[in-house]
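Q: Please take a close look at the interior of this protein, and describe how its packing relates to the elements around it. I would also like to hear about the ligand surroundings and any unusual backbone positions.

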Amino acid sequence: MAIDYSQLIPNNVDLSSDRRLQRALENWQPRFLDWWKDMGPDGTSAYEVYLRTAISTDSNGWANFGFVKMPEYRWGIFLADRDPERQIAYGDNKGKPVWQDVPGELRSTLRRLIVTQGDTEPASVEQQRLLGKTAPSLYDLRNLFQINVEEGRHLWAMVYLLHAYFGRDGREEAEEMLVRHSGDPDKPRILGAFNEATPDWLSFFMFTYFTDRDGKYQLASLAESGFDPLARSCRFMLTEEAHHMFVGETGITRILQRTCELMKEHKTDDVRSLGAIDLATMQKYLNFHFSVSLDLFGQEASTNAANYYTMGVKGRFLETRIDDDHLLTNAAYEIDTAEDGRIVKKTVPALSALNERLRQDYIEDCAKGVLRWNKAIERAGFNFEMKLPHRAFNRRIGAFAGMRISPDGRVLSETDWVAHEGKWLPTDEDRAYVTSLMGPAITQPGKFAHWIAPPARGINNQPGDFEYVRFN
Ligand code: BYC
């Protein structure tokens with residue numbers, strides 16, 4: 001269905017046919033805008049930004065480019081098209097038609113998943129609130145804002161589901177989305193990674209590479225949901241997620257390129273003296289963001305995950321392409337877990353290992369980008385490999401939480417850990433150094449901060465000196 005832009009809230013769900021729902025969402029809209037003003041990108045309300053806005057949910061309609069002031073961005077409700085033949089693909093309800101409404105017995109489970117998903121979206125905008133002040137170029141500034149408005153829309157997607165299908169509880173949850181804040185000691189965001197600071201652009205690129213990729217895997221699993229409106233919402237959200245990860249991957253590649261350029265030119269790997277980010281520091285940031293993102297997949301063995309699957313509310317990554325019985329009642333899966341202070345392999349029922357299986361899919365995907373980063377380093381003529389640390393390294397959730405484990409997967413004593421931690425995770429000094437590079441935002445078209453290379457091409461094929469953001 002085409003998106004109706006004549007409405008106060010653009011949508012493709014025929015919102016105007018349900019007056020009550022429309023009024024409720026129109027009531028929430030000014031609160032969202034107040035939140036954007038207070039907690040969104042700081043001091044940017046007058047900027048005109050070259051943004052893409054979806055005009056329809058099919059493949060050529062969602063990337064429509066033009067200059068927009070962000071508070072005037074047309075946030076709305078866009079679901080992927082409905083497939084009237086769609087059936088639940090797994091679990092006890094396999095083969096039954098998908099639900100167009102929430103089955104009573106799944107109400108609290110679904111609400112909880114939708115709230116958890118929804119909570120991450122405004123959290124990331126809050127985490128990135130100040131980055132515009134130190135943007136390394138107009139191109140990067142525009143990408144930051146594109147990501148921010150889309151995360152805002154992803155919040156709209158979940159808030160729509162809460163309002164439309166969960167009655168009063170849902171409306172209350174929608175309010176709470178704007179009350180919890182990233183890092184707030186009293187009302188923090190729900191998941192750990194979304195309470196960490198994103199204080200600099202190296203962190204931002206790592207976040208969009210690693211943490212947005214958790215978004216990809218979680219959204220893809222929810223896109224398999226038997227609750228069709230959730231599945232259709234997530235399907236459309238996934239189309240936007242790809243750009244966020246692209247920003248992360250290419251951002252890191254560009255920093256690596258610049259670093260290698262300087263290493264070559266000055267015949268040294270001590271590029272800090274040259275105002276760039278050394279490879280060892282990049283590896284430490286990678287270790288941090290990867291491990292924090294691994295926590296977002298939950299426990300290695302989880303009855304929650306088993307129940308979600310059996311009930312048909314959350315599937316596996318690309319569920320319908322997997323060649324098995326989609327019931328998993330007799331299947332087993334090998335996981336890494338901890339026993340008596342050691343890392344061991346254990347075969348457990350596949351149903352309880354679904355979080356771990358998704359984490360494994362995620363790790364393999366993360367590794368592909370790392371391979372491309374290493375190619376870039378190799379092309380520049382250097383012999384340095386960025387590596388994903390062991391899945392047990394620096395974990396706070398799951399079987400390895402509280403253990404001390406090196407990036408190569410050795411269990412350490414507290415003393416050993418303390419002696420080495422500074423080599424593996426960013427120290428205060430590393431963070432201070434990276435922060436020191438974040439100068440005032442570069443606002444001249446086509447100019448880039450010293451520590452990062454220009455991108456290979458512009459957004460929507462715009463030339464290198466395109467004015468992506470107009471400051472008014
Ligand atoms: N932090 O059985 P378990 C994105 C809790 S990112 C704090 O493993 P489950 C985005 C858990 O709640 C994608 N608590 O839980 C990216 C449970 O609590 P209870 C976000 C945690 O439910 C960038 C207990 O531990 N979407 O979109 O299987 C920018 C037992 O654990 C954490 C989703 O997450 C944690 N990390 O797995 C913008 C999808 N992990 O029951 C956006 C929806 C676990 O004991 N969420 N716990 O009170 C889910 O599917 C699940 O809630 C989780 C957790 C996978 C997160």
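The answer below begins with the nonpolar core and then moves outward to the sheet, the ligand and two loops.

A: The model is predicted, and its largest nonpolar core holds 105 residues, of which Leu25, Trp201, Leu202, Phe210, Leu230, Tyr362 and Trp451 touch the most other members. The element that gives the most to this core is helix H3, spanning residues 138-165, with 16 residues. Phenylalanine 210 shows what such a position looks like in detail: leaving aside neighbours within four places in sequence, Phe210 is in contact with Leu286, His289, Phe290, Ser293, Tyr362, Cys366, Trp373 and Leu388. Apart from the largest core lies another one, of 12 residues, including Phe194, Val292, Leu296 and Trp417.

Helix H3 also leads to the sheet, since the helix lies across E1, E2 and E5 and runs at about 50° to E1. These 3 strands form an open sheet in the order E2-E1-E5, with antiparallel pairing. Strand E2 (64-69) and strand E5 (469-470) each have a single partner strand and stand at the edges, so one side of each is left without a neighbour in the sheet. Strand E1, residues 48-53, is joined to E2 by 6 bridges, and within this pairing tyrosine 50 has phenylalanine 67 of E2 as its bridge partner.

Turning to the ligand, 30 residues surround it, and those that come nearest are Gln117, Gln299, Ser302, Tyr308 and Lys314. For glutamine 117, an N or O atom of the side chain is 2.6 Å from a nitrogen atom of the ligand, while for lysine 314 an N or O atom of the side chain is 2.6 Å from an oxygen atom of the ligand. Glycine 192 takes part through its backbone, where a polar atom is 3.5 Å from a nitrogen atom of the ligand.

Two backbone positions deserve a separate remark. Most residues other than glycine have a negative phi. Lysine 267, although not a glycine, has a positive phi of about 50°; this lysine 267 is placed in the loop between helix H6 (228-266) and helix H7 (279-294), and is exposed, with a relative accessible area of 73%. Aspartate 340 likewise is not a glycine and has a positive phi of about 50°, but its place is in the loop between strand E3 (332-339) and strand E4 (342-349). Aspartate 340 is exposed, with a relative accessible area of 72%.

Notes
Residues are numbered from 1 along each chain as its sequence is written. This is a predicted model: local features need pLDDT of at least 70, side-chain atom pairs count only at pLDDT 80 or more; totals for chains, interfaces and linings use all residues. Side-chain values use heavy atoms; hydrogens and water are left out. A nonpolar core is a set of buried Ala, Val, Leu, Ile, Met, Phe, Trp, Tyr and Cys residues joined through side-chain atoms within 4.5 Å. Buried means under 20% relative accessible area, exposed over 50%, partly exposed in between (1.4 Å probe, protein chains only). Helices (H or I, at least four residues) and strands (E, at least two) are DSSP runs, numbered from the N terminus. Contact means heavy atoms within 4.5 Å. Two strands pair if DSSP finds at least two bridges between them. Axes are lines fitted to C-alpha atoms, for helices over the stretch in contact, and angles run from 0 to 180 degrees between N-to-C directions. A residue is near a molecule or strand if one of its heavy atoms lies within 4 Å of it. A polar contact is a pair of N or O atoms within 3.5 Å; within protein, one must be able to donate a hydrogen and the other to accept it, and residues adjacent in sequence count only if both atoms are side-chain atoms.
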